[in-house]
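Visitor: I should like to go through this structure by question and answer. Could the discussion begin once the structure is in view?

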Amino acid sequence: MKRLLIGTALASIACAGMAGAETTIELQRFFGACDADFGNVTDVSQAVGECGIITALVNKFEADNPDIDVNVTTVEWPGYDQLNAQLASRAAPDVVSMHYSVISDYQTRGLLDPIDDVLAAQGMSADVFTDASLAGVTKEGATYGLPFDNWTMLFHVNMNMMQEAGLVGDDGAPILPASVEELYEQGMQFKEATGKPYLVQILANETAAYTRILYTFLQQQNADFFADPTAIKLTTPEATNVVEMLKKIYDEGLTTTDMDYPAAVSGFSNGAGGIAVNGTWLIGDYTAQSEAEGNALSGGYTVYPLPQLFEGRDSTYADGHGWVLPKKDRSEEQLEAIGKLFKFLAENDFHWARTGHLPAVKAVFEMEEFQSLPHRDNIAEIAQTGQSLPPEVLRQFAIQDILGEEIAAAVHGDKSVEDALATAEKRVNDLLANI
Amino acid sequence: MAESYRRSRWSHALFVVPYLIVFLTLLVFPLFWGMWLSLNKVDLFGGAEFVGLRQYARVLSDPVFHQAVRNTVIFVAVSVPVLVGLGLFLALALNRKTRGAAFLRGLYFSSTILSVTIVTLIWRIVFIPNDGLMALIFAGLGWEPIGFLSTKGWSLFSVGVATVWWCIGLPMMLLLAALQQIPADLYEAAALDNASKGRILTRITLPSIKPTIMLVAVIQIVMQFQLFGQALLMTNGGPAGTSRPIVMYIYETAFIRWDVGLGAAASEILFVIILCAAMLQYWISTRKEEV
């Protein structure tokens, strides 16, 4: 009995010693949960989709670093309500996924720690990241997050239907509009030939797509609508041009109607229309679908940036995902573990770019594997044309909701275009004036 | 009796201390804290600045809040009578001692135990365009499809249908319990007098369960004024804010925009609206008896 007790005590001490050697990182992210499919995958090249790839990346990191345990909490997109509650109760996780457009909200309230020292300790320099992604995480001269990607809205094209509509050029590329008038003409041509709407858009429930399109076409007209980051200017001819264009697309039946996000994603998959206006994150899934037989996209899918429809400049609104450190006390071991994780994620940014997002690491653009990914050459220009809002603009998610709601009201005919833009401007400026 | 009184001690109050702690911590303190927040400019992470009644002025002059109040009042005005009326109908229909009635009572109550996420998922499948149940029925009949979740008017209606389906169980059960409390001899006397079914309903049944009908109405008024999850998940308040209820306005201002002071002011106004509506219902229901 005495031996048994001594043995148990020694085993406990040994276990405690082993546990003490392990550093835990509490990581909180969106991108979905898929442990059933990828929970044990450590070969990242075998993973697909945002969820699969990030799950496999974390698995691989843990396998490579047995002394570090990454405890992942998956939150419903975008997860900021949960993060706010954790920050308010001083129980924030160590590492959190965050959109570049949101980082300023937290950084200006002193809720994030800069990561410059963490990167420097791993011998990493900010120079490795693209300008677009670095701009998203740099605030007041410091880096407040690890850049992971850039994303934007794209034209996902059903080439089978475009062929049917006579909108494929001799070079095999789709004929896309170069002006607003061409958009209407090609839309009508498509509709008459196929009997289906030209565009597949998210027009119900979620209205963020409207805002992203508005930003893109305002940028193309060189409209400096956030010249003052504390007040938006929307009662302008440029904004009216964009919303009237969106309304005409709707009124002329050139778009699907009443589709929410899931309906729009599956609608395009099932051939509901010619061009889906949706994000970079769908490239991987639609490409995989086009490689399978017997569906609407079989052998006929490609993707391009939103076309330049207005004279001015080629520009598209872009945001991105980063990894931030909520402000809290961390041990040296934890900071080192987080640094290792960040270095690993940056070194494996190519795998993340397989989702369709644009890489945040410059070197990935030069990689042969990246260049050979389907359609990436079509959208590579976004690295230059992608533009976010000024980083001083706070509450960008809330602004996105307000603008989307008002534009949707104008497009559906519930308000006049002028009334919707004036109301949107007033609501956004009231929000910004009371921060 | 006197001895019993003498034996009472202040220490006996210790028995209610656990409840009092919970009551004060989770109800009274947040109530007054919410009032205090509504007088401040404050975000989710503190830094309060006292601004007096400015947040109330902002809420009361906000057209989006006016629209949310209008939506909520319409929703309550339509959904509460439907819930009480349908609940009463089901209770009367199922007030029998048969296996079929017992099964149906369980069936109608079963929706109540579901979470709002499941309820909205079910009704989204019914109402979504293209592949939804209603869309398929409309297509089968050759009718023009309706965007139930994205068309002005229909969106609030759709939220109302899901809400009635979800909430009907409780009114039905409360009214059923009240019906079973009515003494059988009243019905026997009515039968001896050869009273018609309609007369029995209006002269015996409904007067006997009147307090429960009032209770159900007040409970439903209080509950339906707090409409939130169904609207958020089914329509996101749209289109053009036509299905945004007051609680969703509070959520958006306090948690999406971090304007906690404004959200707290809107909450206090909702508190007063619910209190007034419930009191009005109580006053209307008891007025005749006093006369």
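The exchange below treats a predicted model and takes up chain B, a residue within it, the contact between chains, and the nonpolar core.

Visitor: What radius of gyration does chain B have, set against a compact globule of 291 residues?
Guide: A compact globule of 291 residues would be expected near 19 Å. The C-alpha trace of chain B spans about 80 × 75 × 35 Å along its principal axes, and 33% of its residues count as buried. The radius of gyration of chain B is 24 Å.

Visitor: How many helices and strands are there in chain B, and what percentage of its contacts between residues at least 6 apart join residues at least 24 apart?
Guide: The secondary structure of chain B comprises 15 helices and two strands. Of the contacts between residues at least 6 apart in sequence, the share joining residues at least 24 apart is 71%.

Visitor: Is Thr163(B) buried or exposed?
Guide: Thr163(B) lies in helix α8 of chain B, residues 154-167. A residue with 20 or more other C-beta atoms within 10 Å is classed as buried. Because Thr163(B) has 25 C-beta neighbours inside 10 Å, it counts as buried.

Visitor: Which residue is 67 places from Thr163(B) in sequence and 7.3 Å from it in space?
Guide: Leaving aside residues up to four places away in sequence, Thr163(B) touches Ser79(B), Leu227(B) and Gln230(B). The C-alpha to C-alpha distance of 7.3 Å, across 67 residues of sequence, belongs to the pair of Thr163(B) and Gln230(B).

Visitor: Which element gives the largest share of the side of chain A that touches chain B?
Guide: The contact takes 29 residues from chain A and 20 residues from chain B. On the chain A side, two or more residues come from each of α4 (80-88), α12 (261-269), α20 (396-411) and α21 (417-433). By class, that side has twelve nonpolar, seven polar and ten charged residues. The largest share, six residues, comes from α20(A).

Visitor: Which domains of chain A each give at least three residues to the largest nonpolar core?
Guide: The largest nonpolar core has 185 residues, and those with the most contacts inside it include Leu214(A), Phe342(A) and Ala266(B). At least three residues are drawn from each of domain 1 (23-147 + 321-383) and domain 2 (152-318 + 394-433) of chain A.

Visitor: Which residues does Leu214(A) contact beyond its neighbours within four places in sequence?
Guide: Leu214(A) is listed among the residues with the most contacts inside the largest nonpolar core, as is Ile407(A). Once neighbours within four places are set aside, the contacts of Leu214(A) are Val242(A), Leu403(A) and Ile407(A).

Technical notes:
Residues numbered from 1 in each chain as written. Chains lettered and ligands numbered in written order. Predicted model: local features only at pLDDT ≥ 70, side-chain atom pairs only at ≥ 80, totals over all residues. Core = buried A, V, L, I, M, F, W, Y, C linked by C-beta atoms within 7 Å. Buried ≥ 20, exposed ≤ 12 C-beta atoms within 10 Å, placed from the backbone. Domains from an automatic or database assignment. Contact = placed C-beta atoms within 7 Å. Helix = DSSP H or I, 4+ residues; strand = E, 2+ residues; numbered from the N terminus. Rg over C-alpha atoms; globule rule 2.2 N^0.38 Å. Nonpolar A, V, L, I, M, F, W, Y, C, P; charged D, E, K, R; others polar.
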